[in-house]
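Welcome! Here is a short guided look at one protein model, for anyone meeting it today. Please keep the sequence and the 3D view at hand while you read.

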Amino acid sequence: MSELARWDSFYMIVGPAAGALIGLQFVVLTLIAARPPQSGGDGGAAGAAFATPTIVHFSVILFLSALLRAPWNRMAPPAILSGLAGIGGTIYVVLTILRMNKQRAYTPEFEDWLFHGILPLAAYLLLAAGAFATVSHEHDALFAVGAAVLLLLFIGIHNAWDGILYHVFTRIVASDKK
């Protein structure tokens with residue numbers, strides 16, 4: 001169990017960061033919601049495709065940070081739970097990609113496909129693979145889980161910033177010009 005204890009500081013950094021970013025995202029979404037919606041928009045579908053996944057990624061990071069800091073006696077329970085989070089995240093990213101295709105409020109560009117589809121899919125697959133490999137290759141597998149968590153954190157930061165920029169410089173500025 002000493003291998004997981006060596007990751008203590010890492011999860012003490014990413015867990016609170018994800019928690020704080022969840023709070024900031026809610027503040028920003030509340031401020032954006034106070035603005036009048038664009039006419040003919042598909043904001044709900046776009047939110048499900050672009051804003052909600054950011055909260056989900058941050059929540060997964062927070063969950064994993066708490067899970068991996070708990071005083072487990074064996075590696076199997078946290079490895080299984082982390083693997084299930086990876087599988088669930090993979091399914092969620094596939095649903096997000098379908099939602100991105102379905103919504104009509106915004107036409108996704110390559111950067112959107114990269115940060116809302118490709119990279120999160122890679123992170124969750126890495127999380128699942130790393131979690132299940134933990135039982136036999138504990139040291140290396142924990143690096144895979146850590147890399148997946150860090151990738152999700154960077155994806156979430158990028159997507160939150162990208163969403164804010166879109167609302168401030170595209171939607172709000174455009175509505176102020178009318």
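A residue is called buried when its relative accessible area is under 20%, exposed when it is over 50%, and partly exposed in between, using a 1.4 Å probe and protein chains only. By that rule threonine 90 is buried, because its relative accessible area is 17%.

Before going further, a word on the model and its numbering. This is a predicted model, in which local features need pLDDT of at least 70 and side-chain atom pairs count only at pLDDT 80 or more, while totals for chains, interfaces and linings use all residues. Numbering starts from 1 along each chain as its sequence is written, and side-chain values use heavy atoms, with hydrogens and water left out.

**The overall plan**

The protein has six helices and zero strands, so that its pattern along the sequence reads α-α-α-α-α-α; helices (H or I, at least four residues) and strands (E, at least two) are DSSP runs, numbered from the N terminus. Of its 178 residues, 38% count as buried. Contact here means heavy atoms within 4.5 Å. Among contacts between residues at least 6 apart in sequence, 80% join residues at least 24 apart.

**Helix α4**

Let us start with the helix that holds threonine 90, which is α4. How does the span of α4 agree with its 27 residues? At 1.5 Å a residue, α4 should span 39 Å, and its end C-alpha atoms are 39 Å apart, which agrees. The expected span is 1.5 Å times one less than the number of residues in the helix.

Many names appear on the buried list of α4, including Pro78, Gly83, Gly89, Tyr92 and Met100. Leaving aside neighbours within four places in sequence, threonine 90 is in contact with Leu121, Tyr124 and Leu125. Threonine 96 is found in α4 as well, and it counts as buried because its relative accessibility is 1%. Not counting residues up to four places away in sequence, threonine 96 touches Ala49, Pro53 and His116.

Is asparagine 101 buried or partly exposed? Asparagine 101, also placed in α4, counts as partly exposed because its relative accessibility is 43%.

**Helix α2 and the core**

Glycine 15 sits in helix α2 (residues 8–33). With 4% relative accessibility, glycine 15 counts as buried. Leaving out residues up to four places away in sequence, glycine 15 touches Leu62 and Ser65. Alanine 20 is in α2 too, but it is partly exposed, with a relative accessible area of 46%.

A nonpolar core is a set of buried Ala, Val, Leu, Ile, Met, Phe, Trp, Tyr and Cys residues joined through side-chain atoms within 4.5 Å. The largest such core has 23 residues, and those with the most contacts inside it are Tyr11, Ile61, Leu64 and Leu127. Two or more residues of this core come from each of α2, α3 (43–69), α4, α5 (110–133) and α6. Isoleucine 61 is in contact with Val14, Ala18, Val149, Leu152 and Leu153, leaving aside its neighbours within four places in sequence.

**Pairs across the chain**

The table lists some residue pairs with their separation along the chain and between C-alpha atoms.

| Pair | Apart along the chain | C-alpha to C-alpha |
|---|---|---|
| Glycine 15 and leucine 153 | 138 residues | 9.4 Å |
| Alanine 20 and leucine 62 | 42 residues | 9.8 Å |
| Asparagine 101 and alanine 46 | 55 residues | 9.8 Å |
| Alanine 122 and glycine 86 | 36 residues | 9.9 Å |

Alanine 122 is found in α5 and counts as partly exposed, at 38% relative accessibility.

**A cavity**

Rolling a probe the size of a water molecule over the atoms shows where empty space is left. On a 1 Å grid over the protein atoms alone, a cavity is a set of points where a 1.4 Å probe fits but cannot get out, and lining residues have an atom within 4 Å of a point. Grid points are joined across faces, edges and corners, and a volume is the space filled by probe spheres set on the points.

A search of the whole structure finds two cavities of 30 Å³ or more. About 40 Å³ of space lies in the second largest cavity. Among the residues lining that second largest cavity are Leu68, Met75, Ala131, Thr134 and Val145. Both α4 (76–102) and α6 (138–177) supply at least two residues each to this lining, and α4 gives the most, with three residues.

Notes. 1 Å grid on protein atoms, 1.4 Å probe; cavity = no way out; pocket = protein on both sides within 12 Å on 5 of 7 lines; lining within 4 Å.
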